[in-house]
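The following exercises concern charged side chains and their pairing. Please examine the sequence and the structure before working through the solutions.

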Amino acid sequence: MLKIGSVVLGVSDVRRAAAFWTRALGYEPREAIEDDWVVLVPVDGTGPQLSLGLSETPVQEHPRVHLDLYADDADDQAAEVERLVSLGAQRVDWDLYPEDPDFVVLADPDGNRFCVIDTARE
C-alpha cells in the first residue's frame, strides 16, 4: 500500500522558504539546500517530508491543496499562530471562514496558504 512520503510546495525563494518551514515545523534539510530544491525531514524521523521546489507559478488565492497544522487546543492554536507570524507568516483575511471556525488561515513568506487547526474541537 502506498503512503504519503513528501508534500511538495512551489516557492519563489527556496532558501527563504526552507528557513521558515524548518523553524515552523522543527524540520531539517535532508541534504544541502539548493537554489531550486530542498527536502525537509522531521528531526525525529517520523511524519511526511516537506519538499520545496522553485516555481514561477503564481500563488492561488483559494488553493486546491494546502497544509493543515494541528494544535492541541485553542490556547495552543493561538500561541502557534503568533509564533508562526513571528517567523514570517502572515494572517490571511479568508473570505470563506464559516461561523466559529476551528482553523486560522495563514500564508508562508511565499504566500502559500496553510491552516492551524484547533483539534480539541473535532
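Three exercises on salt bridges in this predicted model follow.

**Exercise 1.** Determine how many salt bridges the model contains, and locate the partners R15 and D35 along the chain.

*Solution.* Step 1: a pair counts when a side-chain nitrogen of Lys or Arg lies within 4 Å of a carboxyl oxygen of Asp or Glu. Step 2: applying this rule gives five salt bridges. Step 3: one of them joins R15 and D35, with an N to O distance of 2.9 Å. Step 4: this pair links distant parts of the chain, since R15 belongs to helix α1 (residues 14–25), while D35 lies in the loop between β2 (27–29) and β3 (37–42), 20 residues apart.

**Exercise 2.** Classify R15 and D35 as buried, partly exposed or exposed.

*Solution.* Step 1: exposed requires over 50% relative accessible area, and buried requires under 20%. Step 2: R15 has 43% and is therefore partly exposed. Step 3: D35 reaches 57%, so D35 is exposed.

**Exercise 3.** Explain how E80 and R83 are placed in helix α2, and assess the accessibility of E80 and R83.

*Solution.* Step 1: the side chains of E80 and R83 form a salt bridge at 2.8 Å, N to O. Step 2: both residues lie in helix α2 (residues 74–87); because they are three residues apart, about one helical turn separates them. Step 3: E80 is partly exposed at 26% relative accessibility, and R83 is partly exposed at 29%.

Key:
Residues numbered from 1 in each chain as written. Predicted model: local features only at pLDDT ≥ 70, side-chain atom pairs only at ≥ 80, totals over all residues. Heavy atoms only, no water. Helix = DSSP H or I, 4+ residues; strand = E, 2+ residues; numbered from the N terminus. Buried < 20%, exposed > 50% of the residue type's maximum accessible area, 1.4 Å probe, protein only.
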